[in-house]
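The following report concerns burial, packing and polar contacts in a single model, which is shown here before the discussion begins.

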Amino acid sequence: MKFFAYNVRPDEAPYFEKWQAEHDIEVTLTSDFLTADTVIRAADYNGISALQTIPYDAALFAKMGRLNLPYLALRNVGIDNVDLAAAETHGVKLSNVPAYSPYAIAEFGVLQAMNLRRRTKAIANQQLHGEFHWSPDFMGTEMRHQTVGVVGVGKIGRQAIALYTGLGATVIAFDPSRQGSDAGITYVSNLEILLKQADIVTLHAPGRPENDHLLNAEAFALMKPTTIVINTARGSLVDLNALKRALDTHQIAGAAWMHLKMKRLRCNKLIVTRHLMSHY
């Protein structure tokens, strides 16, 4: 059996090589993305492995159907960039990984909340340029005085609740599919209540069409001017233009993201790293 793997990072290559040796399977690796143009390279293979945020579109699946490539294994959880109807039409079977480490993602989200509340990037930037001076603006807020609103109570959301609770925060949650079903978790009946009460809003909902722009201009208007937003889920959950306005006008206090597409957002006092955008 032969598989062609697209968009393979250097750190992934050893795992492919180990898997190949243990299962007597031929695997060809490339750093190129999987598209209707590049899929021809897998013409003589039994299936494809891929990991990317660009779309798996109808043209790609039509080409896979013509090349008799029946399997596409995604090396990630999300399928919001996959044209599922086209895959079914052209006989392509899909698989994805069951979950990322919920601990790692929840910890990353809490870390960014702490960075924003403690203004660590602003302090580090001054130290880096040798210009550090004390300012009352650098005074942080203790987590035990914060109300954290968790939107989406899946595997990652549950770990976020455990971490924030352990830090002494008051935690409330909203998830229509799990309303009131979990002992020890304080659910609110609707998102509006959560947005009005929360000092930190952390998103852990899936990128489904019904969740598009879950946070929009109306949602930001409900928040306190001291509220920060943490998104370690999908970028589609937030209306980026509304977020920009909310940050620029100080309607909310800050935001942190783990999403490469957020690089296209620009607003005052914005700090961008490869995976994180923070506003102070």
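A residue is called buried when its relative accessible area is under 20%, exposed when it is over 50%, and partly exposed in between, with a 1.4 Å probe and protein chains only. Because its relative accessibility is 2%, Val238 counts as buried. The model is predicted, so that local features need pLDDT of at least 70 and side-chain atom pairs pLDDT 80 or more, whereas totals for chains, interfaces and linings use all residues. Residues are numbered from 1 along each chain as its sequence is written, and side-chain values use heavy atoms, with hydrogens and water left out.

Val238 lies in the loop between β9 (228-231) and α9, where helices (H or I, at least four residues) and strands (E, at least two) are DSSP runs numbered from the N terminus. With contact meaning heavy atoms within 4.5 Å, and neighbours within four places in sequence set aside, the contacts of Val238 include Leu215, Phe220 and Trp257.

The largest nonpolar core (buried Ala, Val, Leu, Ile, Met, Phe, Trp, Tyr and Cys residues joined through side-chain atoms within 4.5 Å) has 26 residues, and Leu194, Val201, Leu215, Phe220 and Val229 have the most contacts inside it. The largest share of this core, four residues, comes from α9.

Arg117, in helix α4 (residues 102-118), is buried yet has no salt bridge, a term that requires a side-chain nitrogen of Lys or Arg within 4 Å of a carboxyl oxygen of Asp or Glu. Two distances from Arg117 are tabulated below.

| Partner of Arg117 | Relation and distance |
|---|---|
| Asp199 | nearest side chain of opposite charge, 5.2 Å |
| Gln146 | side-chain to side-chain polar contact, 2.7 Å |

A polar contact is a pair of N or O atoms within 3.5 Å; within protein, one must be able to donate a hydrogen and the other to accept it, and residues adjacent in sequence count only if both atoms are side-chain atoms.

How values were computed. Lys and Arg count as positive and Asp and Glu as negative; His and the chain ends are not counted.
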